[in-house]
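Thanks, everyone. I'll walk through one model this morning, strand by strand and then core by core. Please have it open in front of you.

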Amino acid sequence: MDLFSLASEHEAEREAPLAYRMRPRSLDEMVGHENLVGRDGILRRMIERDRLMSIILYGPPGTGKTTIAEVIARQTKARFIPLNAVTSGIADVRKAVETAREERDLYARRTVVFLDEIHRFNKSQQDALLPHVEAGLLSLVGATTENPYFDVNAALLSRSHVFRLEPLSPDDIGRLVDMAIADEERGLGRMRVRLHPDARRVLTLQARGDARRALNLLELAAFAARVGPDGATEIGMREVEAALEASGGPRYDRAGDDHYDTISAFIKSVRGSDVNAAMLWLAKMLEGGEDPAFIARRLMILAAEDVGMADPNALPIAVSGWQAAMAIGMPEARIVLAEVTAYLAKAPKSNHAYMAINRALDDVRSGLPLEVPLHLRSTAYKGAKALGHGEGYLYPHDYPGHYVEQNYWPIGVEPRAYYREGDDDREDLDEGPLWPDAPGRSRRTAE
């Protein structure tokens, strides 16, 4: 490399975004993930001993996946080949395999292939890696923001160790921000940044566990800030709020893990009768651009599955909410969805009907005899009665209370208790119409 190229490279690095410049160069510079890269972390021990097996790094953006790969590249004695699944294909994989063979045969050196965004490789592309990973010719380091158990071939997954990188804590984000402010070589040290405590707190919280987002926000706020009389760059709430407004809403991937995890948290909050937590998850989905129809459908399912007969009005209200939300559209549909959410969260809960159909389905699938007895068979066609259909059937409305004891089960099957009522909900019909002595119903006298 000549002097002009070297100077150009240094200039490009100085012009790079703060998040890029502050990327850790060693495991000691990494913040968070103590269980993986801390002093006793399993991944750290693998890297330091240069005994890396095939691994997949899985986590949301800004948690350090690419950084770990770069640290591996610096510390390993193996040949390191970086690929990106967006721009690479099978030809690149074959080239890497040939290089790995040469390294092994000529220099007795291992090869590590880093495949960023591995989830973007299709099945055939992933299959091209499989025999070489299995034979040990390649050690694979895959990085993905998507759940590898959905997006990585099972065969490749079984030959790799999956490490989940969780979002960084606000304290971890705060440490990164402080490091960037103090660093004169790669950070904002020369700008003499003074970050107001309230602005720092908001920035670390609004980063939402994403180191890249935190440093981007800090850099944007620093460039928007005024320089004081003493030459210091003062960053207060106004500058941080301006940076947040320019950076967009909460991270929410409508097709990825965050979509499924958030709707799961929402449903579990409503099921658990925590109306306030449910509202927060609902707000996250709406602000992230989630389809209101998807939320409304999930509320209808919840009304049937988790409220059930404890409040028979729940399902009609959820259906009405879906119809209203679809007719109105956003942003006003949020009001309808919030009302349905609040109603279902505060409603009494019962899953007896849901569990009943599951138990019955289990019996059907296990091969329980299901032949319909003659007295229950259809008489709606000519000749049915000549076959004995309907013979002996007792019409309940001909009896007091519209109830008569009768066998409704398949031939040879003893009655079973699929629907099991609770003592603490409305399913015992203490507040509804009653049939004295009817099986499974309240025996209180009808009013």
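Start with strands β3 and β4, the latter being residues 138-144: they run parallel and are joined by six bridges. Find Leu-115 there; Gly-142 in β4 stands opposite it. The connection goes through helix α7, residues 123-134, and β3, α7 and β4 make a right-handed β-α-β unit. Before going on: this is a predicted model.

Now the other neighbour of β3. Strand β2, residues 79-84, is also parallel to β3, again with six bridges. Here Asn-84 is the residue opposite Asp-116. Helix α6, residues 90-107, links the two, and β2, α6 and β3 form a right-handed β-α-β unit.

So how many of the six residues of β3 are buried? Six of the six, across residues 111-116, so the strand is largely enclosed by the rest of the structure. In a regular strand, side chains alternate between the two faces of the sheet. In β3 both faces are covered. One side has Thr-111, Val-113 and Leu-115, and the other has Val-112, Phe-114 and Asp-116, all buried.

Next, a different sheet. It is open, has three strands in the order β6-β8-β7, and its pairing is mixed. β6 and β7 (226-227) are at the edges with a single partner strand each, so one side of each lacks a neighbour in the sheet. Between β7 and β8 the pairing is antiparallel, over two bridges. Val-227 has Thr-233 in β8 as its bridge partner.

Move on to helix α13, residues 237-247. Its buried residues are Glu-239, Val-240, Ala-243 and Leu-244. Looking down the axis of α13, they fall within an arc of 135 degrees, so they line one face of the helix. What do they pack against? The partners are α11 (197-206), α12 (211-224) and β8 (233-235). On the face turned away from that buried side, α13 carries exposed Arg-238, Glu-245 and Ala-246.

That brings us to the cores. The largest nonpolar core has 29 residues. Val-240 of α13 is among those with the most contacts inside it, along with Leu-18, Val-177, Leu-203, Leu-215, Leu-218 and Ile-235. Several elements each supply at least two residues of this core: α2 (18-21), α10 (170-182), β6 (193-195), α11, α12 and α13. Which gives the most? It is α12, with seven residues. Take Val-177 as an example: leaving aside neighbours within four places in sequence, Val-177 contacts Leu-195, Leu-203 and Leu-218. There is also a second, separate core of 25 residues, including Phe-266, Leu-286, Phe-294 and Ala-318.

Last, confidence. The protein averages a pLDDT of 86, and 89% of the residues score at least 70. The highest mean is in helix α18, residues 333-346, at 96, and the lowest is in helix α1, residues 3-15, at 51. Over residues 1-10 the pLDDT is below 50, and that stretch has two contacts in the model beyond near neighbours in sequence. Residues 427-447 are also below 50, but that stretch has 30 contacts beyond near neighbours. Where pLDDT is low, the predicted coordinates should not be read in detail.

That's my tour. Over to you.

Technical notes
Residues are numbered from 1 along each chain as its sequence is written. This is a predicted model: local features need pLDDT of at least 70, side-chain atom pairs count only at pLDDT 80 or more; totals for chains, interfaces and linings use all residues. Side-chain values use heavy atoms; hydrogens and water are left out. Buried means under 20% relative accessible area, exposed over 50%, partly exposed in between (1.4 Å probe, protein chains only). Helices (H or I, at least four residues) and strands (E, at least two) are DSSP runs, numbered from the N terminus. The arc is that of the directions from the helix axis to the C-beta atoms. Contact means heavy atoms within 4.5 Å. A nonpolar core is a set of buried Ala, Val, Leu, Ile, Met, Phe, Trp, Tyr and Cys residues joined through side-chain atoms within 4.5 Å. Two strands pair if DSSP finds at least two bridges between them. A crossover is right-handed if, with the strands pointing away from the viewer, the path from the first strand over the helix to the second runs clockwise. pLDDT is the predictor's confidence in each residue, from 0 to 100.
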